[in-house]
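User: Please go through this structure with me by question and answer. Begin with the terms, then move on to the chain and its parts.

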Amino acid sequence: MTTLQEHIDALDRMVEQGTSVSKLRSQIAFIGREVAALEADYSSLGQAHAKLQGAEPQAEDECIHDGIIFKRGKRTGGVWAPFCHCGRPALIDDNDMVACSAGCPWICNVSRAELAQILKTL
Ligand SMILES: [Zn+2]
């Protein structure tokens, strides 16, 4: 499959070789159609992505315990898992405390042992 960059490189070579204006216009029109097709694909994928993101929260159970958001659904394998308030999964950090996996400044002061106890109650 020829990439858009290869079509643009071909246009460059055509200009350097003194290709006729009509052939240059034809190549530019071809590139324009390729760009339009890519824009249509991008738009369609963007809409599909937004639709999936909108549907995802409804597919998960959610509860809050000791300031931690717990979710259970397809992406957690059907088990309760802790999440940061920024939306990223929480993990146990080097100090054995629950923390954001993305490193945001959220602090919940819940230890690994306390987390295990909370998970038993859910
Ligand atoms: Zn976070």
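Analyst: A residue counts as buried if 20 or more other C-beta atoms lie within 10 Å of its own, as exposed if 12 or fewer do, and as partly exposed in between. The model discussed here is predicted.

User: Is Gly 46 buried or exposed?

Analyst: Gly 46 sits in helix α2, residues 21-55. The cut-off for an exposed residue is 12 or fewer other C-beta atoms within 10 Å. Gly 46 has 10 such atoms, so the class is exposed.

User: How far apart in space are Gly 46 and Ser 20, C-alpha to C-alpha?

Analyst: In sequence, 26 residues separate Gly 46 and Ser 20. Gly 46 belongs to helix α2. The C-alpha to C-alpha separation in space is 39 Å.

User: Which pattern of helices and strands does the protein chain follow along the sequence?

Analyst: The protein chain has three helices and five strands. Read along the sequence, their pattern is α-α-β-β-β-β-β-α.

User: What is the radius of gyration of the protein chain, and what does the globule rule give for 122 residues?

Analyst: Along its principal axes, the C-alpha trace spans about 75 × 30 × 20 Å. Buried residues account for 8% of the 122 residues. The chain is more spread out than a compact globule, because its radius of gyration is well over the value from the rule: 26 Å against 14 Å.

User: What distance separates the centres of domain 1 and domain 2?

Analyst: The domain assignment places domain 1 at residues 4-53 and domain 2 at residues 60-121. Taken over C-alpha atoms, the separation of the two centres is 46 Å.

User: How many residues of α1 are buried?

Analyst: Helix α1 covers residues 4-16, and its 13 residues should span 18 Å at 1.5 Å a residue. The end C-alpha atoms are 19 Å apart, which agrees. Just after α1, Gly 18 takes a positive phi of about 70 degrees. The helix lies largely in the open, because the number of its residues that are buried is zero.

User: Which residue in β2 is the bridge partner of Ile 64?

Analyst: β1 and β2 pair in the antiparallel sense over five bridges. β2 also pairs with strand β3, residues 81-83, in the antiparallel sense over three bridges. In β3, Phe 83 is the bridge partner of Ile 69. In β2, the partner of Ile 64 is Ile 69.

User: Is Asp 66 exposed or only partly exposed?

Analyst: Asp 66 lies in the loop between β1 (61-65) and β2 (68-72). This hairpin has two residues between the strands, and Asp 66 takes a positive phi near 50 degrees there. With 14 C-beta neighbours inside 10 Å, Asp 66 counts as partly exposed.

User: Where is Asn 109 found, and is Asn 109 buried or exposed?

Analyst: Asn 109 is not a glycine, although its phi is positive at about 55 degrees. The residue is found in the loop between β5 and α3 (112-121). Because 9 other C-beta atoms lie within 10 Å, Asn 109 is exposed.

User: Which strand gives the largest share of the largest nonpolar core?

Analyst: The largest nonpolar core has seven residues: Cys 84, Ala 90, Val 98, Ala 99, Cys 100, Val 110 and Leu 115. The largest share of this core, three residues, comes from strand β5.

User: Which residues does Cys 100 touch, not counting those up to four places away in sequence?

Analyst: Cys 100 is one of the residues of the largest nonpolar core. With residues up to four places away left out, the contacts of Cys 100 are Cys 84, Cys 86, Arg 88, Ala 90 and Trp 106.

Definitions and conventions
Residues are numbered from 1 along each chain as its sequence is written. This is a predicted model: local features need pLDDT of at least 70, side-chain atom pairs count only at pLDDT 80 or more; totals for chains, interfaces and linings use all residues. A nonpolar core is a set of buried Ala, Val, Leu, Ile, Met, Phe, Trp, Tyr and Cys residues joined through C-beta atoms within 7 Å. Helices (H or I, at least four residues) and strands (E, at least two) are DSSP runs, numbered from the N terminus. Two residues are in contact if their C-beta atoms, placed from the backbone, lie within 7 Å. Domain bounds come from an automatic or database domain assignment. The radius of gyration is taken over C-alpha atoms; the globule rule is 2.2 Å times the number of residues to the power 0.38. The expected span of a helix is 1.5 Å times one less than its number of residues. Two strands pair if DSSP finds at least two bridges between them.
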